Amino acid sequence: MPAPKEFLDFVDNNADAFVKRLSEAVSIKSVSGDASYRPEVFKMSDWISQQFKAVGVQIEQVDLGKHVMDGQELQLPKAVLGRLGNDPNKKTVLVYGHFDVQPANLSDGWNTDPFVLTVQPNGQLVGRGSSDDKGPVLGWLNVLQYHHDTKKELPVNFRCCFEGMEENGSEGLDELVERESKPGGWFDGVDCVCISDNYWLNTRTPVLTYGLRGLGYYKLNITGPARDLHSGVFGRTVHEPMTDLIKLMSTLVDVNGKILIPGVDEMVMTADVQERRLYEALDYSIKDVEESAGAPIALSSDKVEVLMGRMRMPSLSLHGIEGAFYGPGAKTVIPAKVSGKFSIRLVPPQTPENILPLVKAHVESEFAKLGSKNKFELEQLHGGKPWVTDINHWNFQAARTATKSIYNKDPDMTREGGSIPVTLTFAEALGVNVLLLPMGRGDDGAHSTNEKLDRSNFIEGTKLLGSYLYEVAAISTQ
Ligand code: BES
Ligand code: MN
Ligand code: MN
């Protein structure tokens, strides 16, 4: 049962209004990782709630309590739970998305104000959150708009769960999902989950995604002198925290991406010929990765190696050093306290819990080798488990049929290198299949400057999400 033609026409006819609504969403600076923006994340929770209420969804905003971020106690933004339809003869679909965004400043190198959605002549809608993840969340809203305005019944029972802390490790959400998955909870009776919060591999071919990497995020703190020191006075006189930290960080990963922490890479089985074929079959080239990275710097010239590095291998990235001198001029300081941040993207069977002891043992033994008198400490900031699912499930079949009907093309099946911490929680708490059905393209630049969503992806993506619901319904009545 493909989506009715009236639905597809409605989406085309209302495209301008949909873009306008996206620009309203983008104008709310819901940056979850920066305490000074927290009121805007609250505002976004309210805005999303109002929008979904207006198309007939019963909404509850759930208080998730407080958390501590950068030493400050803060109220968490309320999660938005929604319900529309309770027909026992229909399948019940739960959709998840997030309404918080990454930080963005014009001075980071944006060509336009990141919180003003700018429509480019080539059809790109540029603004923070356009692709990650406000566009896709509004895609669901657009679908409901049609059914509300035309008084057409939805083909499925709809449930939604939108959160405002995803970019900061989804704090408080696991507990909510577990609670609401029990009998009588908001997610009781859910038959499948659909998450639209990732991207195509390239700019041409739609994909369905069956895996995500997990994440362990760590901070190495090194302290020594009681205050910052003059390097002319104390250089070659005391143990310097920054020197220790750089040595330590250099023992984590080599320049080709191999993880040097004993036991981490070894947990993952090598791919057999059959698995390599899956990657060989994907519409992807070294040119695609180099174009999206903006430079010819791929780790290998072999497409399969590059794809496996992103999709089925763990990776370790060094992110930054807090407390290091950073600024204009050539300050001759010995920083007193420095913290190195790094993270490891995890794949099954790795979890933040089984990786932490390996990280801890490694950095402790490497620090001991330095013979430094400085003080050293390892912290885990946040974590998320990896997830892989079965692509032969009817949930994926429905999405495949829907993709073919909208894009006239078979989707590629991908695993993502990124993380959505709550995915495995949904799968385990509900015991149902989870599907990732992305809207945006591989070059959208999520988290980067000039993040964009192509207008065609927003509009066709809205049709795709709607069609997917019709295809799910078709399977339930077969
Ligand atoms: N939408 C992304 C997840 C994602 C990233 C999917 C890359 C596909 C490719 C999500 O908003 C995100 O950024 N997640 C964070 C999670 C982290 C803070 C726990 C990530 O992956 O860094
Ligand atoms: Mn996202
Ligand atoms: Mn993100």
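Start by selecting Asp132 and ligand 1: a polar side-chain atom of Asp132 lies 3.1 Å from an oxygen atom of the ligand. Keep in mind as you click around that this is a predicted model.

**Around the ligand**

Leave ligand 1 on screen and add His98. An N or O atom in the side chain of His98 is 3.1 Å from an oxygen atom of the ligand. Next, bring up Arg345, where an N or O atom of the side chain is 2.8 Å from a ligand oxygen. How much of the accessible area of ligand 1 does the protein cover? On its own the ligand has 510 Å² of accessible area, and the protein covers 88% of that.

Now show the whole shell. You should get 15 residues surrounding ligand 1, and the closest are Glu166, Asp197, Arg345, Ser419 and His447. Try colouring the shell by residue character: four of its residues are nonpolar, five are polar and six are charged.

**From Asp132 into helix H4**

Go back to Asp132 and look at the backbone. The peptide bond leading from Asp132 to Asp133 is cis, with omega near 5 degrees. Asp133 belongs to helix H4, so select residues 130-149 to see H4 in full. This helix lies across strands S7 and S20, and it runs at about 50 degrees to S20.

**The three-stranded sheet**

Hide the helix for a moment and look at the strands. S6, S7 and S20 form an open sheet in that order, with antiparallel pairing. Which strands stand at the edges? They are S6 (118-119) and S20 (452-454); each has a single partner strand, so one side of each is left without a neighbour in the sheet.

Zoom in on S6 and on S7, which spans residues 124-126. The two run antiparallel and are joined by two bridges. To find a pair by eye, select Val119 and then its bridge partner in S7, Leu125.

**The four-stranded sheet**

Another open sheet is next on the tour. Its four strands come in the order S13-S15-S11-S16, and the pairing is antiparallel. At the edges you'll find S13 (315-322) and S16 (375-384), each pairing on one side only. Ignoring direction, neighbouring strands here are turned by 20 degrees against each other on average.

Now pick S11 (residues 214-223) and S15 (residues 337-346). How many bridges join them? There are 10 between these antiparallel strands. For one spot to check, click Thr223 and look opposite: Lys337 in S15 is there.

Add the helices next. H11 (residues 352-370) packs on the sheet and touches S11, S15 and S16, with its direction at about 160 degrees to that of S16. H7 (residues 241-249) lies across S11, S13, S15 and S16, and runs at about 150 degrees to S11.

**Two last backbone stops**

Follow the chain from S15 towards H11. The loop between them holds Pro349, which is joined to Pro348 by a cis peptide bond with omega of about 5 degrees.

Finish at Arg236, in the loop between helix H6 (231-234) and H7. What is unusual to look for in its backbone? Arg236 has a positive phi of about 65 degrees although it is not a glycine.

Methods: Residues numbered from 1 in each chain as written. Chains lettered and ligands numbered in written order. Predicted model: local features only at pLDDT ≥ 70, side-chain atom pairs only at ≥ 80, totals over all residues. Heavy atoms only, no water. Near = heavy atom within 4 Å. Polar contact = N/O pair within 3.5 Å; in protein donor to acceptor, adjacent residues only side chain to side chain. Areas by Shrake-Rupley, 256 points an atom, 1.4 Å probe, with all protein chains shown as cover. Nonpolar A, V, L, I, M, F, W, Y, C, P; charged D, E, K, R; others polar. Pairing = 2+ DSSP bridges. Contact = heavy atoms within 4.5 Å. Axes fitted to C-alpha atoms, helices over the stretch in contact; angles between N-to-C directions.
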